[in-house]
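Thanks for coming. I have one structure to go through today, and I will keep to what can be read from it.

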Amino acid sequence: MTVEQNVLQQHSQKHQQTLLNQLREVTGTTDVQLLQQALQVSNGDLAEAVAYLTEKNAKVPQQDEATYYQTAQITNDRYISVGSQADTNVIDLTGDDKDDLQRAIALSLEESSRAFRETGITDEEQAISRVLEASIAENKASLKRTHTEVWSDSPNPYDRKRQENCPVGLKNVGNTCWFSAVIQSLFNLLEFQRLVLHYSPPARMQDLPRNQKEHRNLPFMQELRCLFSLLVGSKRKYVDPSRAVEILKDAFKSSESQQQDVSEFTHKLLDWLEDAFQIKAEEDREGEKPKNPMVELFYGRFLAVGVLEGKKFENTEMFGQYPLQVNGFKDLHECLEAAMNEGEIESLHSAENSAKSGQEHWFTELPPVLTFELSRFEFNQALGRPEKIHNKLEFPSMLYMDRYMDRNRDTTRIKREEIRRLKEQMTILQQRLERYLSYGSGPKRFPLADVLQYAMEFASSKPVCISPVEDIDTTAPPGGTTAQLPSAASTGEQPDACVSAEGSSTGPQIQQQRVPIHKPFTQSRVPQDLPMHPAPRHITEEELRVLEGCLHRWRSEVEYDTRDLQASISRIHRTIELMYSDKSMMQVPYRLHAVLVHEGQANAGHYWAYIYDPHHRRWMKYNDISVTKSSWEELVRDSFGGYRNASAYCLMYIDDKKPFLIEEEFDKETGQMLSGLDKLPPDLKEYVEADNKLFEREMEEWDALQARKLQQEKLALAAASSLTAQPMNTEPCPPDNAASQQDPEYMEQQSPTGDSKHLQEDTERAITKAAAEQDGKSPEALLNTAMKVEYTRLLRFAQEDTPPEKDYRLQHVIVYFIHNQAPKKILERTLLMQFADRNLGFDERCKSIMKVARAKLELIKPDEVNMEEYEMWHQDYRNFRETTVFLLVGLELFLKKSYVEALMYLIYSYQCNKELLAKGPYRGHDEELIAHYRRECLLKLNEHATALFETGEESEVNSGLTIMNELVVACIPLLLVDEMEEKDMVAVEDMRNRWCSYLGQEMEPNLQEKLTDFLPKLLDCSAEIKSFHDPPKLPSYSTLELCERYSRVMTSLTLSRTPADGR
């Protein structure tokens, strides 16, 4: 066959496929055989084919779509629209008017044909264009926002720097998380990665004019090469795919804007890549049948064997992404079994033909990359909108495909028949077991063994001769005490002289003693001698012995039967599980390579991917710019479904016997593994190096900017220090270097009510106590004693076990240093600084001690105390006090229900505290406490925002969405940074679920539009953490005031648990 004939054949096949898709969309018929028959009868005329199917469907009821899915559908026909307005030119098809149906069909075909004639673009391609345009428009709109959005780049390039050989992420450029998930899954197929990187455009690419395919596919292929090269060798943490998306968008022209199902885009993406490789293959192998690497990598074949209206047929078809229904199945094998067997197929195995129709699929050739598309979305006809299927569906990490291969057809049929027989037996046994476990004829059922046990317990209870109704002591005094009646023994009566069932007594003396007095409280009390449980009133020992024997025997028989049934069911279940476990049915292993996950509802959501790293033997989570280590347990939680709104929609398996798919490339000369830029061809290597140089220059400019800022801050600090130091020199002082050293602000302040006075009082008390112990000693000896006294006091504070509301670290820096095991030299110098304060008392003793302390400071050599380390410790303490003020103000505002103002203080307190705790467990406050109130504050704001949204008022709705966009959404990534914090993840999930619940409610179109615009931001959990430019302003508190306010607010907290303090 010539190249021209091959091209014509492929064009004819694709044209026929397009006609099939249009016919299926118009008529709703999913039977491929019937669709092909209609096209043959009509000679390719769509109108006649539709008329043929309409008449046929009127005579024969259509098959249930849930049990019969199309066989050769390469593209998916599920469309998900977000915020789209209803068409005003609607034809009502709810009635019986056939003219309306014909007009609707004609109108649909006319519009589709006209659009194709005018643009040369199919409806499916136009739909893809709309989602791309929506993404680009969202990206451009994000640049116009006045507020810092969560997906904006950090101004610090070091935050965007790639860490060693960590995988590179992809930036979300506006609702393009689906693009990132698909591209990362393909990129991590190393064989596919090599195909793209080493793709060279055909020589005729520069010739004009080019056809539609070349104009669309080749530029995209070039941009994909650039994107892949950046993912290989970039120094950035993540790269921007906007240019690739722009090229896709420019390939189509559409005025509408709607979100499209991501699986639809995946189909078209693979089609475009296939066309690009096909163009190259045809040029390289002229005169021969070209081999398309995309087809060889992603496409397989299956044999369709079936019966149509009593006539057998058998034909081979090609498939790419294999669609599977999720609803009604519990695991992947059940989905595959249902997909491989369609309709009634008994006649396939019998010699006689019948009118039954059905078919089986048998794989004749599996692709190296086997992709299953899970149908997680369905259109709700009653509600008129798409819905997501959240059912749980399990899938294995290793999938054996032997049972679905054509070469194992006979063996599989035998095993399927055996499984069918076993399942029938198991169903019968389960029905029998259910009769034992749910016994009874009324609405409430109980296990039969328990019923017999209850009957035995009733019969064995001590008989009573008192009616529970009649034996109410009506003569009891108001206090509630019960009058004592003569017992049977004291009156000489026999024990069987009991009250009759009708309530008449055989003992007249007892009846005479009863006086009917109405006592509403005491009359309903149970007498002390009446049993608390029912018991028989007439039963002999013989009757009891016989009854107990029967009940005990029956219960043993029931328990035996129940265990026997359960064991039989377990054996059958185990036999079914092991049906395909023999070695002959484990020769086609496929290992799970990637899982593409969707979180949200049908109308809005977020996508990410779990991809297996075979070299490090671990799962990685690719969530836009975030690429993190993961685990099989996390994958199961997010992908199986049924737990949250997240579930897998696409599974990518690779042939485990073809290691070239994931093998690294080695240098042919040296034999060493290629990595980084060495993997790239020369043109891409030059491209990546140029981009890396731009990034390095950006980091250099940042360093220069920070250096200038630091220099300016030092100059400003020096100027401020010189101004504040002058008023302190009220008297001449010795010309020593110690006088020029600046004390920490929390140790010496000018405020008369500030820390200085508080510290002076502590120092003077220590000096007074030392003088009392060392009377007449020299100032140096007094200084040493006073320092020991003060240190002993502070050490006792540090060792004391205090409640959270009493934190001695706030009272003195030395306590903080002792908790965190600061070096001894740091402690000594800090104490000397305290006693060298010029603001000590004006008596001669204090002055002399102050001078000795300052002299000692002057004598300390630089090699004895590392001043940088000294300053670092004091800076940590300043950070600790600042964090405390953030926490204090945040909690005070939270208790006042000022949640908007409290949030930023709590956010900053958590972040600052986390930095402190990274240096040691006692450097900061209790992280759980801060996290709790940060989480509660966000939940309160979310609750307030939803309440505003539910009012429906324009101003209220806008206020609620403003709160969500500027506060809640911006802070959600902070809660998701540490995914091990289950409470934060649950809180985020609760907030998302609250907003997603509105999707199923009726609301005004403007509210629906606002909701669909907002939800993707809320569900995008991979966004860059927002960088808040200005922290909230902190008030200035003295040590005494800070301790008092902190103690007061901690005492006011009403947590259900009391978190341990950070010490």
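I will start with the whole chain, then take some helices, salt bridges and loops in turn.

First, a caution: this is a predicted model. The protein has 1063 residues, and 46% of them are buried. It is built with 31 helices and 16 strands. The accessible surface is about 55600 Å², and carbon and sulfur atoms account for 52% of that surface. Now take the contacts between residues at least 6 apart in sequence: 74% of them join residues that are at least 24 apart.

Next, some helices. Helix H7 runs over residues 190-197, and six of its eight residues are buried, so "mostly covered" is a fair description. The buried ones are Leu 190, Phe 192, Gln 193, Arg 194, Val 196 and Leu 197. Note that Gln 193 and Arg 194 are on that list.

Helix H12, residues 332-340, also has a set of buried residues: Leu 332, His 333, Cys 335, Leu 336, Ala 339 and Met 340. Where do they sit around the axis of H12? They cover an arc of only 155 degrees, so they lie on the same side of the helix. At the start of H12 there is also a polar contact, where a side-chain oxygen of Asp 331 comes within 3.2 Å of the backbone nitrogen of His 333.

One more helix residue before I move on. Phe 835 is part of helix H23, which covers residues 824-835. Is Phe 835 buried or exposed? Its relative accessible area is 0%, so Phe 835 is buried. Along the chain, Phe 835 and Leu 759 are 76 residues apart, and their C-alpha atoms are separated by 9.5 Å.

Now the salt bridges. Side chains of opposite charge can pair when their charged atoms come close. How many salt bridges does the structure hold? There are 37. I will show three pairs and one network.

The first pair is Arg 574 and Glu 577, with 3.5 Å from N to O. Both are in helix H17, residues 541-577, and because they are three residues apart there, about one helical turn separates them. Arg 574 is partly exposed, at a relative accessible area of 47%.

The second pair is Asp 655 and Lys 658, whose side chains meet at 4.0 Å, N to O. Asp 655 has 12% relative accessibility, and the cut-off for buried is under 20%, so Asp 655 counts as buried. Lys 658, at 28%, counts as partly exposed.

The third pair is Arg 935 and Asp 984, at 2.7 Å from N to O. This pair links distant parts of the chain, since Arg 935 is in helix H27 (residues 927-951) and Asp 984 is in helix H29 (residues 982-996), 49 residues apart. Arg 935 is buried, with a relative accessible area of 8%. Asp 984 is buried as well, at 3%.

The network joins Lys 621, Glu 634, Arg 637 and Asp 638 through salt bridges.

What about cysteines? A disulfide is a covalent bond between the sulfur atoms of two cysteines. The structure holds zero disulfides. Two of the cysteines can be placed by their accessibility: Cys 226 counts as buried at 16%, and Cys 846 is buried at 4%.

Last, the loops. Asn 408 lies in the loop between strand E11 (398-400) and helix H13 (409-437). At 13% relative accessibility, Asn 408 counts as buried. A polar atom of its side chain lies 2.9 Å from the backbone oxygen of Asp 402. Which residues does Asn 408 contact, leaving aside its neighbours within four places in sequence? They are Asp 402 and Met 585.

Two other loop residues have a positive phi without being glycine. Glu 164 has a phi of about 50 degrees, and its loop runs between helix H5 (123-143) and strand E1 (169-170). Asp 624 has a phi of about 55 degrees, in the loop between strand E14 (618-623) and strand E15 (626-629). Their surroundings can be put side by side: Glu 164 counts as exposed at 76% relative accessibility, whereas Asp 624 is buried at 3%.

That is the end of my list.

Technical notes: Residues are numbered from 1 along each chain as its sequence is written. This is a predicted model: local features need pLDDT of at least 70, side-chain atom pairs count only at pLDDT 80 or more; totals for chains, interfaces and linings use all residues. Side-chain values use heavy atoms; hydrogens and water are left out. Buried means under 20% relative accessible area, exposed over 50%, partly exposed in between (1.4 Å probe, protein chains only). Helices (H or I, at least four residues) and strands (E, at least two) are DSSP runs, numbered from the N terminus. The arc is that of the directions from the helix axis to the C-beta atoms. A polar contact is a pair of N or O atoms within 3.5 Å; within protein, one must be able to donate a hydrogen and the other to accept it, and residues adjacent in sequence count only if both atoms are side-chain atoms. Contact means heavy atoms within 4.5 Å. Accessible areas come from the Shrake-Rupley method with a 1.4 Å probe; for residues, only the protein chains shown count as cover. A disulfide is a pair of cysteine sulfur atoms within 2.5 Å.
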